[in-house]
Amino acid sequence: MRATRFLLTAALGALVLPAVTVQAQTTQINGAGATFPYPIYSKWFDEYHKLHPDIEINYQSIGSGGGIRQLTNQTVFFGASDGPMTPDQMSAAPGRILHLPTVLGGVVPVYNLPDVNAELRFTGKAIADVILGKVTKWNDPAIAGLNPGVKLPGTDITVVHRSDGSGTTYIFVDYLSKISPEFKSKVGVATSVNWPVGVGGKGNEGVAGLVKATPGSFGYVELIYALQNKIAYGSVQNMDGEFVRSSLESVTAAAAAATKAMPADFRVSITNAPGKGVYPISSFTWMLLYESPRDKQRAKIMVDFMKWALTDGERFAADLGYAPLPREVVALELEALKRIKL
């Protein structure tokens, strides 16, 4: 009887006790920077969230210059850039910053010529002269001579460039400066430059939108933006004299030489790389993290995320037009992540 009374009392007590709901706290980590890797970063952050529902990694696609500024001001936890930080930018930051390559991509020359169906070919010199305002018509011999049999119009070329600080710009002008001494002296290499001619668009999205809407236009975007917007893009002559289109294979080929001599800080240029089948306007893109972060919890999460992105995450790269990193580079980065003080 006593046992029965105890069970009944326990059961009634269970009915009147308030329900307790345990809800996991979500950790948010904010970053900002390059538009170049935005499609793959968005995919990675979404997939990582599926594996870790209590973690949300948010990313603002504002351009490499903006990402570096926000990281320096510590208004975001991580940054992203397609151009390595300059020595002045590094010294302006309140702590040492680690550059971690994430994927490889190609910057392509895009154009809007409604009556031209052929894929155009460009040399670095021809592109430089268009940007410098020396080549102003589509049927100029500098372009027509590279494309025999293609009926090019005599219309003006409208140059479209980035209006914001941009790693895509850095890659583009880094390549052109290696080809054209005049371009190097008049425009130079930076994420923001003084453009001799043209109109500006914000982000890869803005440049792609302007080119798509402007017949006779010429610009530059990361490959995935040309594919997503169905904009024509040309092949570019490499150091070996081949005209090569941007592709997973040709961008990976560009990284091969750099892999053999990768500097310890990973800040390396692979534009105009030597070798057969190399696409010449190729680059790594970097995630930027402080080596001695104040927030150790978020730092541990970002280190874990980077380990996942550099291994399992790389399988998502190809579908979005990016080339995965060479294994040798991944091995070096996994070791470099140990520099972050947790």
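This note goes through the pocket, the aromatic rings and two charge-over-ring contacts of a predicted model.

1. The largest pocket holds about 170 Å³ of space. Its lining includes Gln-74, Val-76 and Phe-77, then Pro-94 and Gly-95, and further along the chain Tyr-290, Ser-292, Pro-293, Arg-294 and Asp-295.

2. Sorted by class, the residues lining the largest pocket are 5 nonpolar, 3 polar and 2 charged. Arg-294 and Asp-295, both in the lining, belong to the charged class because Asp and Arg count as charged.

3. The model has 21 aromatic pairs by the rule used here. One of them joins Trp-308 and Phe-316, with 6.4 Å from centre to centre and 40 degrees between the planes. Why is this pair called tilted? Its angle of 40 degrees is neither under 30 degrees, which would be stacked, nor over 60, which would be edge-to-face, so the pair falls into the rest.

4. Are Trp-308 and Phe-316 buried or exposed? Trp-308 has a relative accessible area of 10% and Phe-316 has one of 14%. Both residues are buried, because the cut-off for that word is under 20%.

5. Trp-308 and Phe-316 also belong to one aromatic cluster. Its other members are Tyr-38, Tyr-41, Trp-44, Phe-45, Tyr-48, Tyr-59, Phe-78 and Phe-305.

6. Which rings have the charged end of an arginine over them? Arg-121 places its charged end over the ring of Phe-243, at 4.1 Å from the ring centre. For Arg-245, the ring is that of Tyr-233, and the distance to the centre is 4.0 Å.

How values were computed
Residues numbered from 1 in each chain as written. Predicted model: local features only at pLDDT ≥ 70, side-chain atom pairs only at ≥ 80, totals over all residues. Heavy atoms only, no water. 1 Å grid on protein atoms, 1.4 Å probe; cavity = no way out; pocket = protein on both sides within 12 Å on 5 of 7 lines; lining within 4 Å. Points joined across faces, edges and corners; volume = space filled by probe spheres on them. Phe/Tyr/Trp six-rings, centres within 6.5 Å; stacked < 30°, edge-to-face > 60°. Buried < 20%, exposed > 50% of the residue type's maximum accessible area, 1.4 Å probe, protein only. Lys NZ or Arg CZ within 6 Å of the ring centre and 35° of its normal.
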